[in-house]
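Me: I've got a chain open on my screen and I'd like to talk through how its parts hold on to each other. Could you walk me through it?

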Amino acid sequence: MTDDGNTAYNGRIEALRQDEFPMLRDEVYLDHAGTTLYAKSLVDKFAADMTSNLFGNPHSASSSSQTSTSRIENIRLRALQFFNADPSEFDLVFVANATAGIKLVTEAFRGHPLGFDYFYHQACHTSLIGVREEATNSLCLDNSAVQGWLCGTNPILESRHHDRPALFAYPAQSNMNGSRFPLDWPDRLRKSTLTSDHPVFTLLDAAAYAATSPLDLGNSETAPDFTVLSFYKIFGFPDLGGLIVRRQAAPIFQSRKYFGGGTVDMVVCLREQWHAPKSQALHESLEDGTLPVHSIVALDSALDVHRQLFKSMDVVSSHTSFLSQRLHDGLATLRHGNDQPVCVMYSQPSLAPKKSDSLLGNGPVVAFNLQNHLGSWISLVEFEKLAVLKQFHVRTGGLCNPGGIASSLGLEPWEMKRNFSSGFRCGTETDTMSGKPTGVIRVSLGAMSTLSDVDKFTSFIAEFYQAEHIPKSILRTASPAHSDLPDLVVESITVYPIKSCGGFHIPAGTAWEVRAEGLAWDREWCLVHRGTGQALSQKRHPRMALIRPAIDFTSGQLRVSYRGSSLAEITVPLSANPNLFQESTTSKPMASRVCGEEISAQIYTSDEINDFFSTVLGVPCALARFPPGGLGKNMRHAKAHLQKHQRVHRKTQYKMPCEFPGIDTPPDSDSESEKQRILLSNESPILAINSSSLEALNRQISEQGGKAVSAEVFRANIVIGSSTSGLESFAYSEDHWSGLRIGQQEFKMLGSCRRCHMVCINQETAEKSEEPFITLTKTRRFDGKVFFGTHMCHIPSSSTTVGTKEAQFPTVAVGESVKVFQ
């Protein structure tokens, strides 16, 4: 398709998206390699099919059963024809997804009397790599090793048993960076003189490739023995996979041991153990149990609608390649003001001339990482926070492709093991270790992607990660001595009894207890999902902001209401009565998780209490308590630490907030900090903000046409301010405080507070907006991380003051004076 043709086709897709993909309104979906999107007409057509036909279990002779059986076989044929596969040469086995197809093939090879040898390409998905655990021997191959094997210069099979089958697996397209690999490898492998005396089979993972490209199995002599794919990656719906078996390879399944319902003609189990597998068709002996009838019926509608909307896979391939080339070019040409690249690319251009090292070029996938102008990596976690806020849907991390990640990022096995020993896990927020990223950003395109999607994403990267104007030197200003600071006071004190719910404002003049874990009653309770035990958060459930706890010492109750609801208020005793909680003596209690940590929380049993929270949030949840004074999993520790943008203990200079991304080096831990106990707060015992910093932030938001935010969005325990207004010159001076004295109590600063887009939730309405995170990203980002506010902990009184009232019962109050220590 020509550029003009691609542009015209793009206009057609733009026009149909409003009606066919209404879920994309105001969203930019760029994760088609995970799953593409389903069209409205597909859902409508499937619904009409379901309501006009009666489909029964196919393992019966009833008319509804026979209707299902007939439709399934017709659709099986249509699906084979979609891949140009002759049903006399191939069979299609319906499975849950590509991984299920891989497991089915593995079962067959595992059952062989001599076992099997397994060879897999380094670009394989984790699901293919896992097969090695079932093999007698296994070996990971790169491109050169495969080429050497095929050309006879790498005799990797010579030392193995001649009668033992071997399986070679590889992807048609890498799910990580879109690299494509030759589809003629199976044919060349069969013709290789080294394999002429060895039974060698090929398994092709076509899940990523078939999503946007025509998979042609027209020649059974050159086709893979086994091809796995996922239909939802092509059509968006149904959630169904397929295993296409070359009939010449079917005898290997005779080694498969397991059999399920519907796959056998006879089973004997009394005094003898014998069974006869079905033999009329291969799929009959492999599709265990009842097939997902309705999902297969939906595939019929999917095939019709896909052709109606997108014409053919050839057209889809041309369109997505055109978009991918534009995206790759747009990102690759972004430069900082010092000519350093913004993006480090791991994908090849889709339409570039084919090179010897790129094999078949690239699919519509662009994998990359971001760097600031000094070459420091931008945090994937921070990138994703901003992407979510700007309504971009992308994938970050290791992408279930360990070989591709290791190769692209230059990670040696010992480095990956070291990272694991240092605490790195899939899904953790640690995304840069020892100066190397642990994952990538992946943008993938689909049939309904458009030029607008691509251009919006490129503009997003340029706006937030490209530093065009870089000063010759970083300006520093003198850090004000505490004598230069205005008279500071505590403006407000707030505790959040239930984690992620509304705050309880301490009345002026009330002395509030300070404990080792933080302010009394702060984040002592949480809501946990009844199924997973995971603590709920406003990030996923914004309406938690409307749950308003109030501490009533007169009645000894925590009173909880829901703003804007007619539901009656509930009460929870402040006392930790054991009769209120689930007993853990008869069975192992479900573990709860807070911020990734496993804790042992006390779960309330009251239906009245738990139903209240489940009703207002629309989530099955229960109230849990994590009282102070615990040990082991009944205790947590602070994670806050000083960052390198903080110039604590350096009285001569400090750095003002950056006006462009990532000017600092990676954060250091405060090695001198003792572990501080916390309850259910994210990082530290107490969180404070400086009202002068808030004034400066709101000025910057207003200058961009935004609406000022309240202090409540930062969910701080203590707001420190001055009786004198307009003191922006002291904004962010808290970055460089070493400690505070509030009244008679002293506190140690633990480091700046790293922020996420939860600060964009209005605590009065639970509505979500872009600010203040967007402005913070541009003005308070250090090493790719966004900071606002400061963590601190209480320092117990020294020996000289032991015995005083203040030492015995430390408190703080609104209006008390604040002294800063530099």
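Reply: Sure, here are some questions and answers about charge pairs, strands and surface.
This is a predicted model, where local features need pLDDT of at least 70 and side-chain atom pairs count only at pLDDT 80 or more, while totals for chains, interfaces and linings use all residues. Residues are numbered from 1 along each chain as its sequence is written, and side-chain values use heavy atoms, with hydrogens and water left out.

Me: How many salt bridges does a search of the whole structure find?
Reply: A salt bridge here is a side-chain nitrogen of Lys or Arg within 4 Å of a carboxyl oxygen of Asp or Glu. Side chains of opposite charge can pair when their charged atoms come close. Searching the whole structure with that cut-off gives 37.

Me: Arg164 and Asp117 form a salt bridge; how many residues apart in sequence are the parts it ties together?
Reply: The closest N and O atoms of Arg164 and Asp117 are 3.3 Å apart. Helices (H or I, at least four residues) and strands (E, at least two) are DSSP runs, numbered from the N terminus. Arg164 sits in the loop between α6 (143–151) and β5 (166–171), and Asp117 belongs to strand β3 (residues 117–121), so the parts tied together are separated in sequence by 47 residues.

Me: Is Asp117 buried or exposed, and what is its relative accessible area?
Reply: Buried means under 20% relative accessible area, exposed over 50%, and partly exposed in between (1.4 Å probe, protein chains only). Its partner Arg164 is buried at 13%. Asp117 is buried too, with a relative accessible area of 1%.

Me: Which strand has six bridges to β5?
Reply: Two strands pair if DSSP finds at least two bridges between them. β3 and β5 do so in the parallel sense over four bridges, with Tyr120 partnered by Ala169 of β5. On Tyr170, the residue opposite is Leu204. The strand joined to β5 by six bridges, also running parallel, is β6 (residues 200–205).

Me: Which residues cover the two faces of β5?
Reply: In a regular strand the side chains alternate between the two faces of the sheet. In β5, six of its six residues are buried. One side has Ala166, Phe168 and Tyr170, and the other has Leu167, Ala169 and Pro171.

Me: How many residues apart are Glu764 and Arg563?
Reply: Glu764 and Arg563 form a salt bridge whose closest N and O atoms are 2.3 Å apart. Glu764 lies in the loop between β37 (745–754) and α19 (773–779), Arg563 in the loop between β25 (557–562) and β26 (570–573), and the separation is 201 residues.

Me: Lys436 pairs with Glu415; what is the relative accessibility of Glu415?
Reply: The closest N and O atoms of Lys436 and Glu415 are 3.1 Å apart. Lys436 is in strand β16 (residues 436–437) and Glu415 in helix α15 (residues 413–421). Lys436 counts as partly exposed at 24%, whereas Glu415 counts as buried at 8%.

Me: Which strand holds Ser722?
Reply: Ser722 is buried, with a relative accessible area of 15%. A polar atom of its side chain lies 3.4 Å from the backbone oxygen of Asp487, which fits the polar-contact rule (a pair of N or O atoms within 3.5 Å; within protein, one must be able to donate a hydrogen and the other to accept it, and residues adjacent in sequence count only if both atoms are side-chain atoms). The strand is β35 (residues 718–722).
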